[in-house]
Amino acid sequence: MYRAPRGTADILPADQPYWRFVEDKAAAICNLYGYRRLDTPVFEEYNLFARTVGEGTDIVSKEMYTFEDRSGHLMALRPEGTAPVCRAYIEHGMHNLPQPVKLYYLAAIFRYERPQAGRYRQHHQFGCEAIGEADPAVDAEVIDLVWQFYRSLGLKDLTLHLNSIGCRVCRPAYLEALKDYYAGIIDSLCPDCRTRFQKNPLRLLDCKEPSCQAAAEAAPSTARSLCQECGKHHDRLQKYLLRLDVNYKFNHRLVRGLDYYTRTVFEIQTREAGAQTAIGGGGRYDNLIEDLGGKPTPAVGFGAGIERIIQNLISQKIPVPSLPQPAAFVAFAGDSVRDAAFSLASDLRRAGIATIAALSSRSLKAQLKQADASGARYAVIVGEEELARGTVTLRDMGTSKQTSVPMAELAARLIN
Ligand code: HAM
């Protein structure tokens, strides 16, 4: 027996109303804020991610689905959505458009992680990227967008965590201070943190080990070592958020798992118990496009995990609209009228009426049971005598009331 690969899931018909709900709300909020959709390929050159997300990150060093294609090019399944959008921005000369260029995506993302509740090897993100403007008003607008998106879904108990991790000017001195601090307590750290100390000291701050958390809490804060420009940016962003009535929690330990961030970083977390609490995160990445060979271009964006959002919709018992049901189910009483019923179903569809046809020879009772299970509003029953008279029976599946309807009027009746 084959099964879906570990850490992946089939999205079954019964799950689809949640997906449609989230995707429709995403498209609606993007329309409201002037973001346009961009779809990029599922795979890209390996180096696109290695150079931006960072060789020292877990995503690149442990989690990428990497493969050589038949011509020997090293490729990777998309482990995140930002670098591909920036690649497309450069490739299609979008710097010639009015800036910022505001783009969004709904995309499958692949990470070879240890699967657990809320953490998958294939997940989906709704993401937005605003490219080409450095003003903190853009950071504020992006954060406002994602916040209003969660509100439009009806989600409660969310906390927005905000931090600034500085830029290439001020971060080196901060990292020195951080390493000085950790050097004194290195023996008390978990093995992962000892590796982080060497490879990616910023990540020391978000270690989940209880023994390391106290150390991280007492560590020097990035916000205190920001250069003047980064400090001004962070202050102005906070003023904008206040003006927008978006509540946030300043979190000096918030750093992200991707290397490209500069200045603003944020994460939206749920209060639900369980390990995976981030339902969205993002920040500014002012060097990424230049690092990919484009002109210096500031940018900011976020990604929100759709599976985690749906999990929260379910646990918070938020109802979602059901998908459209068929209007009619065409049944037949006896094999002599089977072909006529088959044609009638197709006539109804051509008239724009969502119709299911009984396709095999079964008792009328069995067909009506099938009609009930299909969710159709009406059953149209074709019988030999009625057909000769040019009529069919219309059965309201809710009330079981039956009426005789001339064939010529059937479509109009169903449309009404
Ligand atoms: P990220 O924080 O790695 O950021 O992912 C964004 C969101 O995707 C997370 O907050 C979480 O909801 C969801 N997510 C991540 N990994 C998994 C997983 N294994 N299973 C289920 N859900 C997951 C980024 O990817 C950045 N590209 C976001 C960004 C856009 N920054 C700027 N622009």
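**Exercise 1.** Determine which atom of the ligand a polar side-chain atom of tyrosine 261 approaches, and at what distance.

*Solution.* A polar side-chain atom of tyrosine 261 is placed 2.6 Å from a nitrogen atom of the ligand. A polar contact is a pair of N or O atoms within 3.5 Å; within protein, one must be able to donate a hydrogen and the other to accept it, and residues adjacent in sequence count only if both atoms are side-chain atoms. The model is predicted: local features need pLDDT of at least 70 and side-chain atom pairs pLDDT 80 or more, whereas totals for chains, interfaces and linings use all residues. Residues are numbered from 1 along each chain as its sequence is written, and side-chain values use heavy atoms, with hydrogens and water left out.

Next, glutamate 113 has a side-chain N or O atom 2.5 Å from a nitrogen atom of the ligand. Isoleucine 279 takes part through its backbone, where a polar atom is 3.5 Å from an oxygen atom of the ligand. Taken alone, the ligand exposes 650 Å², and the protein buries 96% of that (Shrake-Rupley method, 1.4 Å probe; for residues, only the protein chains shown count as cover).

**Exercise 2.** Identify the element that gives the most residues to the shell around the ligand.

*Solution.* The shell has 27 residues, of which Glu80, Glu113, Glu129, Arg256 and Tyr261 come nearest (a residue is near if one of its heavy atoms lies within 4 Å). Strand β10 gives the most, with six residues (strands are DSSP runs of E, at least two residues; helices are runs of H or I, at least four; both are numbered from the N terminus).

**Exercise 3.** Locate the partners of the salt bridge between arginine 168 and aspartate 291, and state whether arginine 168 is buried or exposed.

*Solution.* A salt bridge is a side-chain nitrogen of Lys or Arg within 4 Å of a carboxyl oxygen of Asp or Glu. Arginine 168 and aspartate 291 meet at 2.8 Å, N to O. The pair links distant parts of the chain, 123 residues apart: arginine 168 lies in the loop between β7 (158-164) and α6 (171-183), aspartate 291 in helix α10 (residues 288-291). Arginine 168 counts as exposed, at 51% relative accessibility, and aspartate 291 as partly exposed, at 29% (buried is under 20%, exposed over 50%, partly exposed in between; 1.4 Å probe, protein chains only).

**Exercise 4.** Describe how arginine 87 and glutamate 91 are arranged in helix α4.

*Solution.* Both residues lie in helix α4 (residues 82-91), four residues apart, about one turn of the helix. Their salt bridge has its closest N and O atoms 3.0 Å apart.
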